[in-house]
Amino acid sequence: MSTDSHSNSAKSDLTPIVRLSAVNKHYGQLHVLQNINLEVTKGEVVVVLGPSGSGKSTLCRTINRLETIDSGTIEIDGKVLPEEGKMLAKLRADVGMVFQSFNLFAHKTILENVTLGPIKAKGMKKSEADKLALTLLERVGVANQKDKLPAQLSGGQQQRVAIARALAMRPKVMLFDEPTSALDPEMINEVLDTMVGLAKEGMTMIVVTHEMGFARKAADRVIFMADGQIVEESTPDQFFTNPQSARAKDFLGKLITS
Amino acid sequence: MQGYLSLWDEYGGQMLSAFWGNLQLTFWAAIGSLVLGTILALMRISPVPSFRAFGTSYVNIFRNTPLTIIMTFGVLVLFGVFKVQFSSDFNLNFFQIAIVGLTIYHSAFVCEAIRSGVNTVPLGQAEAARAIGLSFMPAARLVILPQAFRGAIAPLGNVLIALIKNTTVAVAGSVAEISGLMKTMLEFRADVGILIFLTIAVFFVIVVIPVGLLTTYLSKKLAVAR
């Protein structure tokens, strides 16, 4: 398999932004990712659904190597993820990540949270980074909070800052690891709206979530995981109205009531 | 009372200058062990296994070695046998050997204090730092250590307090400091023996209490809001 030798035309559009092939991972005895194959093309929004413990968060975290894998390969825009060191850091800068628990830098202001990456990882000038950060904070609607510390913001605001922080790196793909699971119900929508906006602008996104509304509204493709495997892969319409597998039917059946 | 006043007449100046020696030892050893301790802490949390092994070994060796032994080793072996000399001035040389000894010993404790501070920083902070493309050193310098130090102020204060008091062990390294002078005074002024002990204890209490109060205050004031 010589996927290294891609011609120019192949590089531009057809090379998937993210490609996982035959990825396996164990936690001790538990085979948490079982032979995962996944390709995400530019501009695509892929929503990963599944019961808890199905491996969907782990899948998301392997894509920028916050979790290591046992076998298989992961490529970002045609480049295989290195194991450690500067090359890995560089590739991670191309992958935006939004965490369930926000993880804003607690000792830095909102503005500094967003500018840290561009200045320190990309060598951008401070004035330039400030301008970029303000534009992004404006876009997620928290520019007026720029001088506060993360702990002074609501969960929804913090998560929107986290999205701005990831966007500031001008990533090729954004990963969302259950971005609304730690939020109070009334704050979920402000974050989802921001994400829908991003999706509409053509950002490539991989979203692990329990928000079926978001999947219906914004997803190009739904991936259903259970027990470490991708069980079903289809369009949101197809998945929600006509699920194929028993596991997916069971999963959706439990959701209807809520 | 008369006897005690005459003690001050006789030894007052020496007591102050000897105690000043203790404070100088504290100052330089505090800086030294903060630097070395931070480097050791970085090693202990680094992704490189050999660095981690080195940091762990260092801490386990020097934390478990009595300071007196390190101090006498410095003077009798480093200087006495291997002729290691930091300064041609005899007294200054011993003074500097004492600083090195105190630094080597206390940096093990500083390392552990900082590591306890690192444990106050949620794992997500490091993950977020890595996710925006920072490699280990920038992530440690910009995200982890600033928060870790603020979480480690109280334990670092304890190390500092221990260091202040441990400077008296420098007497084992022939440094002119207060506990050495105390021995001399006890010899010549046995009439006020208990008062000599108390006086020197008060010297230390006067310095240590503010340090304790200050670090408690700072650890609350600078705590990272989460």
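Let me start with helices H5 and H6 of chain A, which cover residues 126-140 and residues 155-167 respectively. In this predicted model, the two helices pack at an angle of about 140°, and their axes are 9 Å apart. Angles over 145 degrees would count as roughly antiparallel, so H5(A) is oblique to H6(A). The crossing of H5(A) and H6(A) is right-handed.

Which residues make this contact? From H5(A), the participants are A:Leu136, A:Leu137, A:Arg139 and A:Val140. They meet A:Arg160, A:Val161, A:Ala164 and A:Leu167 of H6(A). By class, six of the contact residues are nonpolar, two are charged and none is polar.

I turn now to the backbone of chain A. Most residues other than glycine have a negative phi. Two residues in chain A deserve attention in this respect.

The first to discuss is A:Asn35, whose phi is near 45°, a positive value in a residue other than glycine. Where does A:Asn35 lie? It belongs to strand S2 of chain A, which runs over residues 30-40. Is A:Asn35 buried, partly exposed or exposed? Its relative accessible area is 45%, and because the partly exposed class lies between 20% and 50%, A:Asn35 is partly exposed.

The other residue is A:Phe102, which is not a glycine either and has a positive phi of about 65°. A:Phe102 sits in a loop of chain A, between strand S6 (95-98) and helix H4 (110-121). Its relative accessibility is 11%, and since buried means under 20%, A:Phe102 counts as buried. To place the two side by side: A:Asn35 is in a strand and partly exposed, whereas A:Phe102 is in a loop and buried.

Finally, I come to chain B as a whole. How many helices and strands does chain B have? There are nine helices and zero strands, and the pattern along the sequence accordingly reads α-α-α-α-α-α-α-α-α. The C-alpha trace of chain B spans about 70 × 45 × 25 Å along its principal axes.

Chain B has 226 residues, of which 46% count as buried. Considering contacts in chain B with a separation of 6 or more, 76% of them involve residues 24 or more positions apart. As for its surface, chain B exposes about 11,200 Å², and carbon and sulfur atoms supply 71% of that area.

Methods. Residues are numbered from 1 along each chain as its sequence is written. Chains are lettered from A and ligands numbered from 1 in the order in which they are written. This is a predicted model: local features need pLDDT of at least 70, side-chain atom pairs count only at pLDDT 80 or more; totals for chains, interfaces and linings use all residues. Side-chain values use heavy atoms; hydrogens and water are left out. Axes are lines fitted to C-alpha atoms, for helices over the stretch in contact, and angles run from 0 to 180 degrees between N-to-C directions. Helices (H or I, at least four residues) and strands (E, at least two) are DSSP runs, numbered from the N terminus. Angles under 35 degrees count as roughly parallel, over 145 as roughly antiparallel, 65 to 115 as roughly perpendicular and the rest as oblique. A crossing is left-handed if the near helix is turned anticlockwise from the far one by less than a right angle, and right-handed if clockwise. Contact means heavy atoms within 4.5 Å. Ala, Val, Leu, Ile, Met, Phe, Trp, Tyr, Cys and Pro count as nonpolar, Asp, Glu, Lys and Arg as charged, and the others, Gly among them, as polar. Buried means under 20% relative accessible area, exposed over 50%, partly exposed in between (1.4 Å probe, protein chains only). Accessible areas come from the Shrake-Rupley method with a 1.4 Å probe; for residues, only the protein chains shown count as cover.
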